[in-house]
Amino acid sequence: MALRPMMQADRASAALGMVVERDEPGLAVVAMPVREDMTNGFAITHGGLVFALADTAFAIACNEDERITVAAGADITFLKSTRAGQVLTATAVRRAVRGRTGIYDVSVTDETGDAVAEFRGRSLTTDRNA
């Protein structure tokens, strides 16, 4: 799959090894292998990196056209810890868009399909074009 310009320029997601598996208006799937350097002092995946994965899927799902859409806020609930060697997948789905604001839900699962985290993002479409 050819990456759109927004993701071609996303150095953070690339550095974390994220792979875009689906990119459709209002829907995105992004996978990330968990490396040893992504774990915290308890040898589990750092929560900030789980958030980063969910945020990347959210960003792809909410940038549906040439207008730049950014996060207005987001919340995450961690459900299960993971470790190095596992692969996490974030699936973002549009729930509602009204005017310039939107709500998107992102489910993060491990390689067995177990729920790792649930993320809700709130988007704001700007007046700028990509």
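Visitor: How many salt bridges does the structure hold?

Guide: There are eleven salt bridges in this structure, which is a predicted model. To read one, look for a side-chain nitrogen of Lys or Arg within 4 Å of a carboxyl oxygen of Asp or Glu. Take Arg-22 and Glu-24, whose closest N and O atoms are 2.8 Å apart.

Visitor: Is Arg-22 in that pair buried or exposed?

Guide: Buried means under 20% relative accessible area, and exposed means over 50%. Arg-22 has 37%, so the residue is partly exposed. Its partner Glu-24, at 34%, is partly exposed as well.

Visitor: Which residue forms a salt bridge with Asp-127?

Guide: That would be Arg-100, with 3.3 Å between the closest N and O atoms. This pair links distant parts of the chain, 27 residues apart: Asp-127 sits in strand E6, while Arg-100 is in the loop between strands E4 and E5. Asp-127 is exposed at 69% relative accessible area, whereas Arg-100 is partly exposed at 41%.

Visitor: And what is the distance between the closest N and O atoms of Asp-105 and Arg-120?

Guide: Those atoms are 2.6 Å apart. Asp-105 belongs to strand E5 and Arg-120 to strand E6, so their salt bridge ties together parts 15 residues apart in sequence. Asp-105 has a relative accessible area of 17%, so this residue counts as buried. Arg-120, by contrast, is partly exposed, with 38% relative accessibility.

Visitor: Which residues are joined into one network by salt bridges that share partners?

Guide: Look at Lys-80, Asp-110 and Asp-114: shared partners connect their salt bridges into one network.

Definitions and conventions:
Residues numbered from 1 in each chain as written. Predicted model: local features only at pLDDT ≥ 70, side-chain atom pairs only at ≥ 80, totals over all residues. Heavy atoms only, no water. Buried < 20%, exposed > 50% of the residue type's maximum accessible area, 1.4 Å probe, protein only. Helix = DSSP H or I, 4+ residues; strand = E, 2+ residues; numbered from the N terminus.
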